[in-house]
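Reader: Please show me the model. I would like to ask how its labels are earned.

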Amino acid sequence: MLEALRAHAAAHGDLRALVAGDHVRASTLGIELGELWLDLSKQPLTLELLDTLSLRADGQRLRDALDDLFAGRIVNRSENRAALHPLLRAVEAPPHLQAQHAAMRSVRNEMAALSDRLAQSGIETLINLGIGGSDLGPKLAYEALRSQRIAGRHLRFVANVDGAALEAAVAGLDPTRCAFVLASKSFGTQETRMNAISAQRWLAEHGLPGEQIAQRMVALTAKPDAARAFGIADDRILAFDEAIGGRYSLWSAIGFPLVFALGADRFESLLAGAALVDRHVQSAPWSKNAPFLMAVVELLHRIGYGYPAQAVVAYDERLARLPEYLQQLVMESNGKSITVDGSELVVPAAPVIWGGVGTSVQHAFFQSLHQGTDIVPVTFVAARNADHRFADHHPALLANMAAQSAALLRGRSFEEALAQESETGEMAIARARQRVFAGNRPSTTLLMDRLTPSALGSLIALYEHQVYLVGRLLGINSFDQWGVELGKELCGELLPLLTDVRSPLPASLDAGTLALLRRLRAG
Ligand code: F6P
């Protein structure tokens, strides 16, 4: 498949030429999927390529790869685990997964019951203490859907070990009306444990007795024993399976803050939106299979054309967290250079994912997207309908988005730029040259009818499956993250050197790090 992508890229350098006069592109490369519409018509795809890739996908047993995922077989080989996130949102489970499926449903009932108990006891704000996958998903979903939250219920999020984050999160809160959610799959993450201990101290400093502090602590974890050892009561521990990866855990007990703030029904809708994509990826033919085509586009850009990065620009203020969510999903899953069998990957893997919110970023990095020396494919994400009182702004928002993708594709020639000059002469020529847009820059548009819980669930699941398919096509394991370990280990060694500034500095450290530590120890 990768060879076919390279050959296609070599033969199709001119995206404009591919698009010109091809009026069926919008229908052949547009996919309706529940509340979503995926538009790939501004990508360098052809029907011939899709035919070729469909055959190659079958040849590479991509259907089997999906079957492995959905049947709960080991897909995370380095950790010898399945990846059970699709089971969390499945309506039905295959016979051999029914017990696990039932256990997941029963945790969802516990989530709803605990949420009610907290609300009845006067809790108005939950402060989620978690990082990475134990933070980004609930934060994305809460900020996206907060206008639909239950009146009087609020969430705040603390991820960073930087005490400034915790201080900002508790600022202005009434300790008697808030509770802390310790969200950590491993229950051993430095940042979350430190924030949890400081949160307990903050409650104690405000005069709450130990018993009331305990009532304000909830744990979401795959290690209930560790939560118990930390002092969390059994009826405040919501567990999930080890086979749920951190960055795939939004659908599990990690979604508890959403159940509290938005209600169990909206959380169920989020799961239902994801389940719809689960069914689609398993059943749609490759040429109409949205996650597969998104995977193809990513590989085409990365391996065929050699583009190092991809931008995600949400034309929806509520989706401001989407780029950072996708950063973890894509880059922690597929940012790898060794394959499952231990050999070196000979092609580039995950692109750098970055982005922001339109139209704001049009006045920041879009200059570079249009005229910079690197081509950065863009994914535009928006909702067709507004859900706020200033709905007359919405056409302007959407027109900007449509204009940007058209401009990236079309560009502007030197002749067109020169014709717009009111003067003649060398300066006019120099300026016209600076006003040329090369065009030919690809983009994808992902449109929701409205930003609903189910549309958001579908959107996230689309990306999850894209990531998995890319990983399988490259032969890498998308479900481990060994690359985060070394820094954690070294931090464990360096921390005592900063907490006890008289401890001897080990000569084994490099000179730069030693100099940095000396400076940090000087205060
Ligand atoms: O950064 C590594 C990582 O393990 C992520 O994969 C995970 O989402 C995050 O840390 C938080 O881990 P935990 O939920 O175990 O605290």
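The turns below set values against definitions. This is a predicted model: local features need pLDDT of at least 70, side-chain atom pairs count only at pLDDT 80 or more, and totals for chains, interfaces and linings use all residues. Residues are numbered from 1 along each chain as its sequence is written, and side-chain values use heavy atoms, with hydrogens and water left out.

Reader: Which residues surround the ligand most closely?
Author: Gly133, Ser134, Ser184, Ser186 and Thr189 are the closest of 15 surrounding residues. To count, a residue needs a heavy atom within 4 Å of the ligand.

Reader: What makes the approach of Thr189 to the ligand a polar contact?
Author: The cut-off is a pair of N or O atoms within 3.5 Å. An N or O atom in the Thr189 side chain is 2.5 Å from a ligand oxygen, so the pair qualifies. Ser134 has a polar side-chain atom 2.6 Å from a ligand oxygen. For the Gln328 side chain the value is 3.2 Å.

Reader: Why are Asp449 and Arg384 called a salt bridge?
Author: The term requires a side-chain nitrogen of Lys or Arg within 4 Å of a carboxyl oxygen of Asp or Glu. Asp449 and Arg384 meet at 2.9 Å, N to O, so they pass. Asp235 and Arg236 form another salt bridge, at 3.1 Å. The whole structure has 28 salt bridges.

Reader: Is Arg236 called buried or exposed, and why?
Author: Buried means under 20% relative accessible area, exposed over 50%, partly exposed in between (1.4 Å probe, protein chains only). Arg236 has 14%, so Arg236 is buried. Asp235 has 45%, so Asp235 is partly exposed.

Notes: Polar contact = N/O pair within 3.5 Å; in protein donor to acceptor, adjacent residues only side chain to side chain.
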